[in-house]
Amino acid sequence: MAATTVSFEVPGPRGPRSATVSYVRVGAGEPLLLLHGIGHHRQAWDPVLDILATERDVIVMDLPGFGASPALPDGLPHDLPTTNAVLGALCATLGLDRPHVAGNSLGGLLALEMGREKLVRSVTALSPAGFWSQAERRYAFTVLRTMRHTARRLPPPVVERMARTAAGRAALTSTIYAHPARRSPDAVVAETRALAEAPGFAETLRAGTDVRFTDDVTGVPVTVAWGSRDRLLLRRQGVRAKRIIPHARLVRLPGCGHVPMHDDPALVARVILDGSR
């Protein structure tokens, strides 16, 4: 599916700057914005895209500095406030009047921030970042840095050979998927390359060091869903999320890892659609 590129002005500490993002828009119905996690790309949502598009006007984007979206220009840091400003400007540019939003990991945190600022109609956050203890954050960041280091050091022919076998796909992606062998070789190669080449990775991760989500989200429906086999952000963080956002619907995703869209597409699509009704 061919992507579209759009540029728009984003306010920054040194004045407005032009940001560019890549996105795909498909389906019909109320708008639904999908946000991926750090080091990933919009294709993370491919397993659920066709299901969601039967009921929603789906906009799935590459976050700035990831996938096909270039890094933010000088003067716009890859931090939470700036990324939220980018998302708000994108919605305004595309004429999205308070879309529903669903996000995974970093995308889940961004979705909750958009909900807190009343920019959306509903929020579905899949294993969102920001509900960690300091020890859990350090563990997750160490794992992410190791994945990035490995992806950058492996020559492309080696990645392609590894992706042809179930054991190789597990070695490359078992941290984020409960069932890595089910992933297609081409998808594993593409997401390994996306992790290795993401220009926004280091600054985005660094900006997350002091991030913790501590505010309630009022006035919009919130669903928080967590995979029972999430090895990156442990599922007990979902209980913390429920304490911080008491009215949130907390959903368990049995047999799913940190990126659950690939482990159980039908379940994840149903959770998102139910949360946006």
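At what angle do helix H5 (residues 156-163) and H6 pack? The angle is about 120°, and the two axes lie 6 Å apart. H5 is therefore oblique to H6. This is a predicted model, and the account below follows its helices and then its open and enclosed spaces.

Start with the contact between H5 and H6. From H5 come Val-159, Met-162 and Ala-163. They meet Gly-168, Arg-169, Ala-171 and Leu-172 of H6. By class, the contact of H5 with H6 holds five nonpolar residues, one polar and one charged.

Move on along the chain. Helix H6 covers residues 166-173, and helix H7 covers residues 185-197. Their axes are 11 Å apart, at an angle of about 30°. Angles under 35 degrees count as roughly parallel, so H6 and H7 are roughly parallel to each other. Their crossing is left-handed. On the H6 side, the contact uses Arg-169, Leu-172 and Thr-173. On the H7 side, it uses Pro-185, Val-188, Glu-191 and Thr-192. Three residues of this contact are nonpolar, two are polar and two are charged. Arg-169 and Leu-172 of H6 thus appear in the contact with H5 and in the contact with H7.

H7 also packs against H4. Here the angle is about 105°, and the axes are 8 Å apart. Angles of 65 to 115 degrees count as roughly perpendicular, so that is how H4 and H7 stand to each other. H4 brings Met-147, Arg-148, Ala-151 and Arg-152 to the contact. H7 answers with Thr-192, Leu-195, Ala-196 and Glu-197. Four of the residues in the contact of H4 with H7 are nonpolar, one is polar and three are charged. Thr-192 of H7 meets residues of H4 here, and Thr-192 is also part of the contact of H7 with H6.

Now turn to the largest pocket. It holds about 350 Å³ of space. Its lining counts 24 residues, and those closest to the centre are Met-147, Leu-172, Thr-173, Ile-176 and Leu-195. Several of these names are familiar. Met-147 and Leu-195 belong to the contact of H4 with H7. Leu-172 and Thr-173 belong to the contact of H6 with H7. Helix H4 (134-153), H6 and H7 each give at least two residues to the pocket lining. H4 has the largest share, with five residues. By class, the lining of this pocket has 11 nonpolar residues, 12 polar and one charged.

The enclosed space comes last. The count gives one cavity of 30 Å³ or more. About 310 Å³ of space lies in the largest cavity. Its lining has 25 residues. Nearest the centre are Ile-38, Leu-106, Leu-109, Thr-204 and Gly-208. Four helices each supply at least two lining residues: helix H2 (80-94), helix H3 (106-116), H4 and helix H8 (201-207). The cavity lining divides into 19 nonpolar residues, five polar and one charged.

H4 links these parts of the picture. It packs against H7. It supplies residues to the lining of the largest pocket, and it also supplies residues to the lining of the largest cavity.

Note on methods
Residues are numbered from 1 along each chain as its sequence is written. This is a predicted model: local features need pLDDT of at least 70, side-chain atom pairs count only at pLDDT 80 or more; totals for chains, interfaces and linings use all residues. Side-chain values use heavy atoms; hydrogens and water are left out. Axes are lines fitted to C-alpha atoms, for helices over the stretch in contact, and angles run from 0 to 180 degrees between N-to-C directions. Angles under 35 degrees count as roughly parallel, over 145 as roughly antiparallel, 65 to 115 as roughly perpendicular and the rest as oblique. A crossing is left-handed if the near helix is turned anticlockwise from the far one by less than a right angle, and right-handed if clockwise. Contact means heavy atoms within 4.5 Å. Ala, Val, Leu, Ile, Met, Phe, Trp, Tyr, Cys and Pro count as nonpolar, Asp, Glu, Lys and Arg as charged, and the others, Gly among them, as polar. On a 1 Å grid over the protein atoms alone, a cavity is a set of points where a 1.4 Å probe fits but cannot get out, and a pocket is an open set with protein on both sides within 12 Å along at least five of seven lines; lining residues have an atom within 4 Å of a point. Grid points are joined across faces, edges and corners, and a volume is the space filled by probe spheres set on the points.
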